[in-house]
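The following questions and answers walk through one protein model, from the packing of its helices to its domains and its ligand.

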Amino acid sequence: MKHTRIIVTRYGGPDALRVVEEERPEPQAGEVRVRVMAAGVSLPDLMAREGVHPETPLVPFTPGWDLVGMVDRLGDGVSGIEPGQIVAAMPISGAYAGFVCLPRRELVPVPSGLDAAEAVSLVLNYITAYQMLYRSAKVRPGQRALIHGAAGGVGSALLQLGRLAELEMYGTCSSRGASAVSALGGIAIDYQHQDFVEEIQRLTSEGVDVVFDSIGGTHIWRSRKALRPGGRVVAYGLTGSLRGGRLASGRGGGRHRYRAIAIFGLYIAGGWLLPGRKRVVPYSIQTLKRLKPAWFRQDLIALFDLLHQQKIKPIIAQRFPLAEARQAQELLGNGGVVGKIVLVPNGSGPESGAA
Ligand SMILES: NC(=O)c1ccc[n+]([C@@H]2O[C@H](COP(=O)([O-])OP(=O)(O)OC[C@H]3O[C@@H](n4cnc5c(N)ncnc54)[C@H](OP(=O)(O)O)[C@@H]3O)[C@@H](O)[C@H]2O)c1
């Protein structure tokens with residue numbers, strides 16, 4: 001039986017993506033074959049396609065950090081899981097496919113009755129937001145937070161979880177995202193027309209307790225200026241290295257996994273040397289998952305519970321059929337997207353995770 005898979009044929013723009021039809025993969029011993037119901041589309045996918053994300057595989061590869069799907073076939077020696085069960089995983093690459101084979105230990109059960117696209121939003125974006133709030137920043141009710149890229153996938157997750165944590169929130173966004181940021185409880189700051197450091201000083205007088213910086217580079221140092229003494233910047237992204245979904249530097253075409261991360265490290269270390277009682281700490285979901293796999297599982301289960309109780313509601317910007325992965329990445333790269341773009345291999349409608 002055949003399935004559809006997307007491959008990145010070379011490092012570069014959206015035209016490097018190809019749709020292939022091929023035989024479904026067979027699970028090896030200890031693996032489970034999963035029929036993908038929803039795969040997330042995120043900026044790290046675009047950065048891997050461009051060859052600059054630290055997790056970029058060798059070409060050709062299938063992109064896709066996060067997925068929700070149905071258990072389809074068990075490899076030898078697999079127990080404790082049944083065909084038909086709904087599961088989530090973060091393979092980092094490979095999710096843009098009709099079927100994937102993954103080690104049993106990578107799968108986290110999804111409670112029944114959840115929409116697959118909403119559930120997949122929790123895997124990369126909400127865990128990132130949740131772990132930064134509670135494990136990196138250790139926020140407390142009443143604290144002030146500045147969230148950059150607040151209308152985006154991770155940004156909107158930070159706003160929803162920050163509201164539950166009773167934070168006072170400020171969020172940078174373009175004018176296209178301002179109403180969404182306000183609706184999620186943040187005070188919107190238009191990064192294209194306002195200086196966020198001046199705005200934070202004007203609105204709070206002493207600065208914020210924490211800044212979540214997804215932009216990177218010298219932006220981390222500007223974020224530091226928005227802190228009150230004793231505050232911290234959690235630096236976690238390199239959105240500033242992309243323009244229109246392509247490398248802002250224009251120097252693409254190769255696999256440069258450590259270039260961006262080395263520059264990122266330099267700016268973080270620079271932040272430590274600047275005067276003032278202000279800290280800059282990095283966050284990486286994949287590093288923390290490797291170091292503390294139990295936290296990843298525990299935090300995802302906590303988030304599924306919040307979704308089940310309708311305490312959070314991921315914003316689905318758009319659902320695309322799998323074969324339109326290129327259009328999905330182009331839309332994300334062009335900007336102005338509010339929430340998460342999701343690929344739904346079997347069509348474009350909401351897909352229930354009810355088993
Ligand atoms: N460290 C980790 O573990 C981890 C995990 C997940 C994601 N990330 C990183 O997090 C970042 C966001 O990912 P995502 O998938 O959520 O992307 P996204 O959905 O595209 O969101 C990015 C947002 O940033 C906004 N933006 C762009 N330039 C900005 C600027 N100079 N100031 C303020 N906002 C700006 C965009 O607004 P407009 O389009 O309206 O301009 C967009 O809403 C990426 O850098 C990604 O690599 C890191």
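Q: At what angle do the axes of α2 and α3 cross?
A: This is a predicted model, in which local features need pLDDT of at least 70, side-chain atom pairs count only at pLDDT 80 or more, and totals for chains, interfaces and linings use all residues. Residues are numbered from 1 along each chain as its sequence is written. Helices (H or I, at least four residues) and strands (E, at least two) are DSSP runs numbered from the N terminus, and axes are lines fitted to C-alpha atoms, for helices over the stretch in contact, with angles running from 0 to 180 degrees between N-to-C directions. The axes of α2 and α3 come within 8 Å, and they cross at roughly 50°.

Q: Which word describes α2 relative to α3, given its crossing angle?
A: Angles under 35 degrees count as roughly parallel, over 145 as roughly antiparallel, 65 to 115 as roughly perpendicular, and the rest as oblique. The crossing angle of roughly 50° therefore makes α2, relative to α3, oblique.

Q: How many nonpolar residues does the contact of α2 with α3 have?
A: Residues are in contact if their C-beta atoms, placed from the backbone, lie within 7 Å, and on this basis N125, Y126, T128, A129, Y130 and L133 in α2 meet G153, V154, A157, L158, L161 and G162 in α3. Ala, Val, Leu, Ile, Met, Phe, Trp, Tyr, Cys and Pro count as nonpolar, Asp, Glu, Lys and Arg as charged, and the others, Gly among them, as polar. The contact has no charged residues, four polar ones, and nonpolar residues numbering eight.

Q: How far apart are the centres of domain 1 and domain 2?
A: The domain bounds, which come from an automatic or database domain assignment, are 2-120 + 289-343 for domain 1 and 127-288 for domain 2. The contact takes 36 residues from domain 1 and 35 residues from domain 2. Taken over C-alpha atoms, the separation of the two centres is 25 Å.

Q: Where does the ligand lie with respect to domain 1 and domain 2?
A: A residue is near the ligand if its C-beta atom, placed from the backbone, lies within 6 Å of it, and 33 residues surround the ligand, the closest being G149, G152, G153, G237 and G335. The shell divides into 15 nonpolar, 17 polar and one charged. Because domain 1 and domain 2 both give residues to this shell, the ligand lies between them.

Conventions: Contact = placed C-beta atoms within 7 Å.
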